[in-house]
Amino acid sequence: MIRVKVGIRFKVLIITGFLLSVPWLGYQYIGEMESYLRRGQEKNLIGTAGAVAAALHERPALFLQNASFRD
């Protein structure tokens, strides 16, 4: 069996690499979450616009000029 002697410098280098990767992973997670939330917000807005359009489509008299309350 071969034993490899690992020094303190190597151990510190490994720990430093891991600790430096944590903020990068957090940044990637935040980017993915932002993208996910934007897609959900977009779908919600499209659904709301469709519902409003359908409700207004069923009331054509709503947009007649003589149906206005203004003089």
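How many salt bridges does the structure hold? The count comes to one, in what is a predicted model. Before turning to that pair, it helps to look at the chain as a whole.

The protein chain has 71 residues, and buried residues make up 0% of them. Its secondary structure consists of one helix and zero strands. That helix, H1, spans residues 8-57. The accessible surface of the chain is about 7,600 Å², and carbon and sulfur atoms account for 65% of that area.

The salt bridge itself joins Arg38 to Glu34, with 2.9 Å between the closest N and O atoms. Side chains of opposite charge can pair when their charged atoms come close. Both partners belong to helix H1, where a spacing of four residues places Arg38 and Glu34 about one turn of the helix apart. The two residues fall into separate accessibility classes: Arg38 has a relative accessible area of 55% and is therefore exposed, as the cut-off for that class is over 50%. Glu34 reaches 40% relative accessibility, so this residue counts as partly exposed.

Attention now moves to the nonpolar side of the surface. Here a patch is formed by Ile2, Val4, Val6, Phe10, Leu13 and Ile14, and together these residues offer about 670 Å² of accessible area. One of the members, Ile2, sits in the segment before helix H1. Ile2 counts as exposed because its relative accessibility is 79%, against a threshold of over 50%.

Taken together, the predicted model shows a chain with one helix and zero strands, a nonpolar surface patch that includes Ile2 and Phe10, and one salt bridge, formed by Arg38 and Glu34.

Terms used: Residues numbered from 1 in each chain as written. Predicted model: local features only at pLDDT ≥ 70, side-chain atom pairs only at ≥ 80, totals over all residues. Heavy atoms only, no water. Helix = DSSP H or I, 4+ residues; strand = E, 2+ residues; numbered from the N terminus. Buried < 20%, exposed > 50% of the residue type's maximum accessible area, 1.4 Å probe, protein only. Areas by Shrake-Rupley, 256 points an atom, 1.4 Å probe, with all protein chains shown as cover. Patch = residues over 30% accessible without salt bridge, like charges linked within 9 Å, V, L, I, M, F, W, Y side chains within 5 Å. Salt bridge = Lys/Arg side-chain N within 4 Å of Asp/Glu carboxyl O.
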